[in-house]
Amino acid sequence: MSDPLLKVEDLTAGYGAAPVLRDVRFAMSDGQITAVLGANGAGKTTLLRTLSGLVRPTGGRILFDGEPLDGVPPHRLVRRGLVHVPEGRGVIGELTVAENLRLGGVWRRDRAGEARSLAEVLDLFPEIARRRRHAAHQLSGGERQMLALGRALMARPRLLLLDEPSLGLAPRITAQVMALLRQWRDATGLAVLLVEQNVRSALSVADNAAVMSLGRVVVTAPAAQLRDDEDLRHTYLGF
């Protein structure tokens, strides 16, 4: 069996003296979508921020492709293939769709490869391709989410950290975004760590799930098992 792409061992982190994450442990492989589930305040967003270098851990280890991430700044993590799309999308409204997308590959020196990536992303997201010359502030919420995803994919990540992609979106658009994630995973082998409050939507696209409570991972299981096991769902997810 190959080594995991991401391995988190006894991770502790937080803001100030009080830890938010406590002894978090899990692993995931290339081409795998893992949903991180749990109530508000469980530590899900802090987990992504710690993995992407925005919060410094106070204990434990993060291994990405076998290499420790201790002290690696966020921009270098992007170059190594770990890309974070935070909650709120964060596109630059004054720039056009095409300009926002090119920002995702700004560090790349292979211009021909960047052009191919742009063509692939526009093909994946025809809604924003049709509006590539429009300013990002003119897009709908769903289109801005697709733009944020497209910009992240321009960096050709191996692991995408995705925080609440369904926030504020209609169910139809949420389903479309989830289907696009799975489509890109199948085409490229991308791994996705997906933080999502919409549990049913997340479990519909994920291979595995990690449930967090009070800063700890309390359950790891195949997504289908969690989806089908009423006792697990009632105990940890409340439905």
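Select T12 and D23 in this predicted model: the side chain of T12 reaches the backbone nitrogen of D23 at 3.4 Å. T12 sits in strand β1. Is T12 buried or exposed? Its relative accessible area is 17%, and since buried means under 20%, T12 counts as buried. Now show what surrounds T12. Leaving aside residues up to four places away in sequence, T12 touches P19, L21, R22, D23, P57, T58 and G59.

**The open sheet**

Next, select strand β1, residues 6-15, together with β4, residues 57-64. How many bridges join β1 to β4? There are six, and the two strands run antiparallel. To see one of the pairs, pick V8, whose bridge partner in β4 is I62.

Add β2, residues 18-28, and β5, residues 67-68. The four strands now on screen form an open sheet in the order β2-β1-β4-β5, with antiparallel pairing. β2 and β5 stand at the edges with a single partner strand each, so one side of each has no neighbour in the sheet. While the strands are selected, a general point may help in reading them: side chains in a regular strand alternate between the two faces of the sheet.

Move to the end of the sheet where β4 meets β5. Two bridges join these strands, which run antiparallel. F64 stands opposite E67 of β5, and L63 has P68 of β5 as its bridge partner. Then select D65, in the hairpin of β4 and β5. Two residues lie between the strands of this hairpin, and D65 takes a positive phi near 55 degrees.

**The nonpolar cores**

Hide the sheet and select L37, L101, F125, L147, L160, V192 and L226. These are the residues with the most contacts inside the largest nonpolar core, which has 49 residues. Centre the view on F125. Which residues does F125 touch, not counting those up to four places away in sequence? They are M146, L149, G150, L153 and L180. Apart from the largest core lies another, of 27 residues; L6, F26, A191 and V195 are among them. As a general rule, nonpolar side chains in soluble globular proteins tend to be buried together.

**Helix α7**

Select helix α7, residues 171-188, and within it M178. M178 has 3% relative accessibility and counts as buried. Its contacts, again without residues up to four places away in sequence, are P165, L194, E196, S201 and V205. For a distance across the model, select M28 as well: M178 and M28 are 150 residues apart in sequence, and their C-alpha atoms are 19 Å apart in space.

**The whole chain**

Finally, show everything. The secondary structure comes to ten helices and ten strands. Along its principal axes the C-alpha trace spans about 45 × 40 × 40 Å. The radius of gyration is 17 Å, which agrees with the value near 18 Å for a compact globule of 239 residues.

Colour the residues by accessibility: 50% of the 239 residues count as buried. Switch to a surface view, and the accessible surface comes to about 11,300 Å², of which 49% belongs to carbon and sulfur atoms. Last, draw the contacts between residues at least 6 apart in sequence; 68% of them join residues at least 24 apart.

How values were computed:
Residues are numbered from 1 along each chain as its sequence is written. This is a predicted model: local features need pLDDT of at least 70, side-chain atom pairs count only at pLDDT 80 or more; totals for chains, interfaces and linings use all residues. Side-chain values use heavy atoms; hydrogens and water are left out. A nonpolar core is a set of buried Ala, Val, Leu, Ile, Met, Phe, Trp, Tyr and Cys residues joined through side-chain atoms within 4.5 Å. Buried means under 20% relative accessible area, exposed over 50%, partly exposed in between (1.4 Å probe, protein chains only). Contact means heavy atoms within 4.5 Å. Two strands pair if DSSP finds at least two bridges between them. The radius of gyration is taken over C-alpha atoms; the globule rule is 2.2 Å times the number of residues to the power 0.38. Accessible areas come from the Shrake-Rupley method with a 1.4 Å probe; for residues, only the protein chains shown count as cover. A polar contact is a pair of N or O atoms within 3.5 Å; within protein, one must be able to donate a hydrogen and the other to accept it, and residues adjacent in sequence count only if both atoms are side-chain atoms.
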